[in-house]
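Colleague: Got a minute to walk me through this model? Short answers are fine.
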Amino acid sequence: MPDRDAVLQALDQIIDPASGQGLVTAGLTRGVVAADDRAGCALDVPRGRKGDYETVRDQAEAALKALPGVQRVLVVLSDDGPPPPSPAQPPRPRTAGLSKAAMDQGRPKAPVPTDRPAHVRRVLAVASGKGGVGKSTVAVNLAAALAARGLSVGVLDADVYGPSLPTMLGLSGKPEYVDGAMQPHVAHGLKAMSVGLLTGASDAMIWRGPMASQAITQMLTQTRWGTEAAPLDLLVVDLPPGTGDVQLTLIQKTPLDGAVIVSTPQEVALADARRGHALFQQVGVPTLGLIENMSGPVFGQGGAAAEADRLGVTYLGDLPLDAAVRQAGDAGTPVVVTDPDGDMAQRFGAIAEQLAASLGL
Ligand SMILES: Nc1ncnc2c1ncn2[C@@H]1O[C@H](COP(=O)(O)OP(=O)(O)OP(=O)(O)O)[C@@H](O)[C@H]1O
Ligand SMILES: [Mg+2]
């Protein structure tokens with residue numbers, strides 16, 4: 001297990017180009033992890049400057065990787081946190097090592113209370129490193145496939161960047177409040193709640209910052225997903241794409257029982273899937289498997305299976321590129337509902353069964 005102080009020292013050896021100070025001293029590090037064989041943190045960089053800090057991130061990852069006991073490292077760049085200290089501040093001499101305040105800064109804060117939604121048995125995240133790979137399509141169709149097997153299933157659209165559940169399930173209208181709880185919409189046998197229903201799809205982007213995780217927590221805990229007499233078996237959470245700070249905060253705050261990662265077969269998407277898996281590992285959420293979407297002659301085939309092998313995670317199966325999938329999604333009914341006996345429904349069904357088994361459902 002890596003030594004926490006050694007992790008902080010290593011991070012502070014890397015210089016923030018804006019202030020000339022070490023990353024910890026400059027106050028850029030947050031959520032420092034030193035556990036098992038893992039080390040990592042988020043770096044708060046100035047808004048819109050993530051590109052400038054990629055080298056710094058790589059240096060920080062390399063410094064952590066070199067520490068004894070560290071096998072896996074992950075440093076994520078965040079530009080939507082609180083603004084970093086003013087660069088006008090003169091750089092402090094770095095001879096005295098870390099100040100006590102700097103050391104304390106990196107220590108874990110009191111654990112974030114992860115509010116489990118009431119009467120929900122399992123929570124599963126559907127994630128992807130890269131956008132546009134079919135994460136929402138997979139989330140909705142897996143949910144529908146599990147519902148078709150008799151489970152009570154809900155879908156939470158936590159994608160603050162582009163909520164698509166309203167379109168994919170044909171939902172509209174703000175949720176009603178009854179006895180202080182939001183009533184989920186019900187469509188095709190699924191309970192559903194979306195960031196897009198609370199604000200209108202086009203406003204959802206404003207929630208990217210700290211409000212995002214607050215909004216998700218609210219949808220998670222204030223929606224009447226189930227009752228004592230009829231609990232929800234599974235809540236499927238469609239996470240925003242990417243492996244940045246919004247995602248890190250969300251997965252830290254959401255009581256997840258497992259995650260599935262969706263990727264297309266291309267190397268760019270697979271590299272992001274890898275980062276996605278690392279992010280879940282960092283917070284101790286098991287990756288239940290990798291799914292290859294849009295598999296076939298256009299994007300290639302087999303990349304995700306090979307990647308799953310390399311990562312040591314279960315390969316859950318592939319879903320071919322099929323126009324019917326998009327048409328069904330655009331029209332507000334998942335393909336497993338429009339064509340329950342088709343090839344797609346069978347593929348989703350097979351994946352759904354593996355996941356239900358892993359989740360003990
Ligand atoms: N297997 C498939 N065959 C054909 N079209 C697909 C398939 N999977 C997804 N699509 C289509 O690709 C587009 C992107 O899919 P989707 O919105 O599910 O991706 P996403 O990863 O959730 O994207 P975002 O990052 O924007 O949230 C949609 O138009 C969807 O209908
Ligand atoms: Mg989506």
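Modeller: Start with strand β9, residues 190–194. This is a predicted model, and in it 4 of the 5 residues of β9 are buried.

Colleague: Which strand pairs with β9 in the parallel sense?

Modeller: Strand β5, residues 153–157. The two are joined over 4 bridges. Within that pairing, V155 has A192 of β9 as its bridge partner.

Colleague: And which strand pairs with β9 in the antiparallel sense?

Modeller: That is β8, residues 185–187, with 3 bridges. A187 stands opposite L190 of β9.

Colleague: How many residues sit between the strands in the hairpin of β8 and β9?

Modeller: There are 2. H188 in that hairpin takes a positive phi, near 50°. For background, most residues other than glycine have a negative phi.

Colleague: Which residue in the loop between β6 and β7 has a positive phi without being a glycine?

Modeller: D179, with phi of about 50°. The loop runs between β6 (177–178) and β7 (181–182).

Colleague: Is D179 buried or exposed?

Modeller: D179 is exposed, at a relative accessible area of 73%.

Colleague: What about M294: what is its phi?

Modeller: Phi of M294 is near 60°, so a positive value in a residue other than glycine. M294 belongs to strand β12. Its relative accessible area is 19%. The cut-off for buried is under 20%, so M294 counts as buried.

Colleague: Since we're at β12, which strand does β12 run parallel to?

Modeller: β13, and 5 bridges join the two. One pair to look at is L290, whose bridge partner in β13 is Y315.

Colleague: Which helix goes with β12 and β13 in the β-α-β unit, and what is the hand?

Modeller: Helix α10 goes with them, and the unit is right-handed.

Colleague: Which residues of α10 are buried?

Modeller: The helix spans residues 303–311, and G303, A304, E307 and A308 are buried. They cover an arc of only 130° around the axis, so they are on the same side of α10.

Colleague: Why would residues spaced like that point the same way?

Modeller: An α-helix has 3.6 residues a turn, so residues three or four places apart point the same way.

Colleague: What covers the buried residues of α10?

Modeller: The cover includes α9 (267–283), β12 (287–295) and β13 (315–320). So the two strands of the β-α-β unit are among the elements that cover the helix.

Colleague: What happens just after α10?

Modeller: G312 takes a positive phi there, about 75°.

Colleague: Let's switch to ligand 1. How many residues surround it?

Modeller: 17 residues do. The closest are G132, K135, S136, T137 and D322.

Colleague: Which backbone atoms come up against its oxygen atoms?

Modeller: A polar backbone atom of G132 is 2.8 Å from an oxygen atom of ligand 1. For K135, a backbone N or O atom also lies 2.8 Å from an oxygen atom of the ligand.

Colleague: And which residue has a polar backbone atom 3.0 Å from a nitrogen atom of the ligand?

Modeller: P320. That residue number falls within β13, which covers 315–320.

Colleague: Back to the protein. Where is S263, and is it buried or exposed?

Modeller: S263 is in strand β11, residues 258–263. It is buried, with a relative accessible area of 0%.

Colleague: What does S263 touch?

Modeller: Leaving out residues up to four places away in sequence, S263 touches V133, A269, L270, A273, I291, E292 and N293.

Colleague: Then V268: which helix is it in, and is it buried or exposed?

Modeller: V268 is in α9. At 52% relative accessibility, V268 is exposed. V268 and G129 are 139 residues apart in sequence, and their C-alpha atoms are 9.5 Å apart.

Colleague: Zoom out for me. How many helices and strands are in the chain?

Modeller: The chain has 13 helices and 13 strands. Of its 361 residues, 53% are buried.

Colleague: And what share of the contacts join residues at least 24 apart?

Modeller: 76%, taken among contacts between residues at least 6 apart in sequence.

Methods: Residues are numbered from 1 along each chain as its sequence is written. Chains are lettered from A and ligands numbered from 1 in the order in which they are written. This is a predicted model: local features need pLDDT of at least 70, side-chain atom pairs count only at pLDDT 80 or more; totals for chains, interfaces and linings use all residues. Side-chain values use heavy atoms; hydrogens and water are left out. Buried means under 20% relative accessible area, exposed over 50%, partly exposed in between (1.4 Å probe, protein chains only). The arc is that of the directions from the helix axis to the C-beta atoms. Contact means heavy atoms within 4.5 Å. Two strands pair if DSSP finds at least two bridges between them. A crossover is right-handed if, with the strands pointing away from the viewer, the path from the first strand over the helix to the second runs clockwise. A residue is near a molecule or strand if one of its heavy atoms lies within 4 Å of it. A polar contact is a pair of N or O atoms within 3.5 Å; within protein, one must be able to donate a hydrogen and the other to accept it, and residues adjacent in sequence count only if both atoms are side-chain atoms.
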